[in-house]
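User: I have a protein model open and do not know where to begin. Can you show me how to read its features one by one?

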Amino acid sequence: MNTYKIAAIPADGIGPEVIAAGLQALESLERREGTFRLDVTQFDWGSAYYKANGRMMPDEGIETLKAYDAIFFGAVGAPDVPDHITLWGLRLPICQGFDQYANVRPTRILPGIVSPLAGVGPGDLDWVIVRENSEGEYSGHGGRAHKGLPEEVGTEVAIFTRVGVTRIMRYAFRLAQSRPRKFLTVVTKSNAQRHGMVMWDEIAAEVASEFPDVTWDKMLVDAMTVRMTLNPRSLDTIVATNLHADILSDLAGALAGSLGVAPTANIDPERRYPSMFEPIHGSAFDITGKGIANPVATFWTAAQMLEHLGEGRAAIRLMQAVETVTGDGVMTPDIGGSATTQEVTDAVCEAIRASNI
Ligand code: IPM
Ligand code: MG
C-alpha cells in the first residue's frame, strides 16, 4: 500500500469549504481503489492566522512542508488584509521556495456545462496552459522611491533567465508530446518587449529542435486572446510567461463555462520538493459560508495531484465521476445549477463508489 503525506492548507474564504469537499472525494477514492492511503495533515495558515500572529504562516512553514509529498491548497485573500500581503506571505513563498516552476492549467468543457461560445461544446476546447511560475513578471524585483511625493516612481521588473525559460519550454514541449495532437503554441509579446520576449522566442526555437515530433507555432499574447475566442479548436498545449498565462488562463476558464471548474498544479518537475495543487478561483468572499462554492475545480486539481503522485487510475476515476455528475446536471449556481457544495460532493463520491474502470 502506497502512503502519501498530504499537507492541506484550506486558508481563506471558500478555501475551507472546497478543500473539505476535495478531501471527501479523496477518501472515497482511497476506499474504492484500496491500493493507496493519504495521510492528511491540516494547517490553519492564512489570513486569520495573520491577524493573530502577524504572519501568514510560521517562520519555519516552508521547512515543515518539505516533509510532505504534496500540498493541497484552498485559497488566500481576505477583504481586510492587503492582497500583496496574503499572496507574498503564503502562496508565492511556497511556489518560489519549492521551485514549482511549472504551473499547469488544463481547460476542457465538461459535460453539462455551457460555454459562452456559440456552437462550442465538449471536445471542441481541450487545452493545457503551461504557465512559467518562478520568474518573469512575478519576480518581485523593483521598488518605490520618493513615496507620496509628486515625483514618486514605482518599478516592477520582469526577469527572464535562460535557465528559467529553457526549463519551462522543455516541460511544455514534453507535455505537448504526451498529448495526442503533439501541438504547442508559444505565446510572447516579442514585438513590443524586445529583450526578454525575443529571448523566449529564440529559446523556443532551440528547444523545438529537441522535439522533432512536436508541431509548434508562435502567437503574440493580444492576438492569442482572439484565437482562443474565435478559433478554440486550433489550440492544444500552450506555454506563456507568468503574467501572460495568468491572464490567458482566466479567459480559458471563462470560455470553458466558469472559473469555478478551473484547476491548477504548481509542479516541481524534478521532484526535489512537494508540488502544490489548488483551484484557480480564489477566496470568493461574496459566497463564503453559503455552502454553494463550486467544488469541481478542487476535484480536478485533486486529480492532478493523484496523477503527480503516480495514482493515474484514481485520477481518471475521479475525473470520470466529476463528468458523470456535471453531465447529470448536479451543479452549483455559478454554472447554472441549483445544487450545494455538499450535494455535488455527495454525488461525486457516489459516482466514485459506482464506477467500475
Ligand atoms: C492565479 C491568481 C493569482 C495569480 C493571484 C491570486 C495573485 O490569479 O493563480 O491565477 O495571479 O497568480
Ligand atoms: Mg489568475
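Analyst: Start with the vocabulary. Helices (H or I, at least four residues) and strands (E, at least two) are DSSP runs, numbered from the N terminus. With that, glutamate 270 can be placed: it lies in the loop between strand E11 (263–267) and strand E12 (275–279). This is a predicted model: local features need pLDDT of at least 70, side-chain atom pairs count only at pLDDT 80 or more, and totals for chains, interfaces and linings use all residues. Residues are numbered from 1 along each chain as its sequence is written, chains are lettered from A and ligands numbered from 1 in the order written, and side-chain values use heavy atoms, without hydrogens and water.

User: Is glutamate 270 buried, exposed or partly exposed?

Analyst: Buried means under 20% relative accessible area, exposed over 50%, partly exposed in between (1.4 Å probe, protein chains only). Glutamate 270 has 44% relative accessibility, so it counts as partly exposed.

User: Which side chain does the side chain of glutamate 270 make a polar contact with?

Analyst: A polar contact is a pair of N or O atoms within 3.5 Å; within protein, one must be able to donate a hydrogen and the other to accept it, and residues adjacent in sequence count only if both atoms are side-chain atoms. Here the partner is the side chain of tyrosine 101, at 2.8 Å.

User: How do I read a helix, say H6?

Analyst: Check its span. The expected value is 1.5 Å times one less than the number of residues. H6 (residues 196–208) has 13 residues and reaches 18 Å from first C-alpha to last, close to the 18 Å expected. Its buried residues include Trp200, Asp201 and Ile203.

User: What does aspartate 201 touch?

Analyst: Contact means heavy atoms within 4.5 Å. Not counting residues up to four places away in sequence, aspartate 201 touches Thr188, Ser190 and Lys218. A polar contact of 3.2 Å joins its side chain to that of threonine 188. The relative accessible area of aspartate 201 is 13%, so it is buried.

User: What is a nonpolar core?

Analyst: In soluble globular proteins, nonpolar side chains tend to be buried together. A core is a set of buried Ala, Val, Leu, Ile, Met, Phe, Trp, Tyr and Cys residues joined through side-chain atoms within 4.5 Å. The largest one here has 67 residues; Leu26, Met169, Val239, Leu318 and Val348 touch the most other members. A second, separate core of 19 residues includes Ile129 and Leu235.
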